[in-house]
Amino acid sequence: MSDSEEEESPDRQLKLVVLGDGTTGKTSLATRFAQETFGKQYKQTIGLDFFLKRIILPVDLEHMRTVKVDKHQRFCQENNFSSHFVSAKTGDSVFLCFQRIAADILGIKLNKAELEQSQRVVKADIVNYSQEPVTRTVNPPRSSMCAVQ
């Protein structure tokens, strides 16, 4: 990506407000997100807290590609080329690309564990939500919830 293309998509800042009743975990959520920590001891927040976290969201510039993915893959298969989708900017799959090319040249078959070793780990919790329909009342009872707006 050239410097002029980067100037066209400047960094954006968002301010999120987390609202809710006391002791619902608003500060704990914000601390976990911004500082990747969790305090096991409860200390009530007086007033408000500010947290800052810079995140980079993946941006696919597929609309700017002159050769579409399926045409690229078909060309590689027809000509016995290896195909690698990488990003120098984010570093996605760069090491894996060179590892695979070197292994192919040397005639070494990489196993799944060796291929996965160079991949970034994305942590996620699996949540199993109830599939039962939720009924709403006109004047719901007051509950302890927080909302992100």
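Start with the cysteines: this predicted model holds 0 disulfides. Select Cys 76, which is buried because its relative accessible area is 6%, below the 20% cut-off. Then select Cys 97, which also counts as buried, at 12% relative accessibility.

Next, go to the aromatic rings. How many aromatic pairs are there? The count comes to 1 aromatic pair. To see this pair, select Phe 75 and Phe 81, whose ring centres are 5.8 Å apart. Their planes stand at 55 degrees, so the pair is tilted. A tilted pair has planes that are neither under 30 degrees apart nor over 60.

Are these two rings buried or partly exposed? Phe 75 counts as partly exposed, with 46% relative accessibility. Phe 81 is likewise partly exposed, at 47%.

Now move to helix 2, residues 26–35. Which of its residues are buried? They are Lys 26, Ala 30, Thr 31 and Ala 34. Turn the view to look down the axis of helix 2: the buried residues fall within an arc of 125 degrees, so they line one face of the helix.

Step past the end of helix 2 to Glu 36, just after the helix. The backbone of Glu 36 takes a positive phi of about 55 degrees.

For the last stop, select Phe 33 and Lys 53 together. Where does Lys 53 lie with respect to the ring of Phe 33? Lys 53 lies over the face of Phe 33, at 5.7 Å from the ring centre.

How values were computed:
Residues are numbered from 1 along each chain as its sequence is written. This is a predicted model: local features need pLDDT of at least 70, side-chain atom pairs count only at pLDDT 80 or more; totals for chains, interfaces and linings use all residues. Side-chain values use heavy atoms; hydrogens and water are left out. Buried means under 20% relative accessible area, exposed over 50%, partly exposed in between (1.4 Å probe, protein chains only). Helices (H or I, at least four residues) and strands (E, at least two) are DSSP runs, numbered from the N terminus. The arc is that of the directions from the helix axis to the C-beta atoms. A disulfide is a pair of cysteine sulfur atoms within 2.5 Å. Rings of Phe, Tyr and Trp (its six-membered ring) pair if their centres lie within 6.5 Å; planes under 30 degrees apart count as stacked, over 60 as edge-to-face and the rest as tilted. A charge sits over a ring if NZ of Lys or CZ of Arg is within 6 Å of the ring centre and within 35 degrees of the ring normal.
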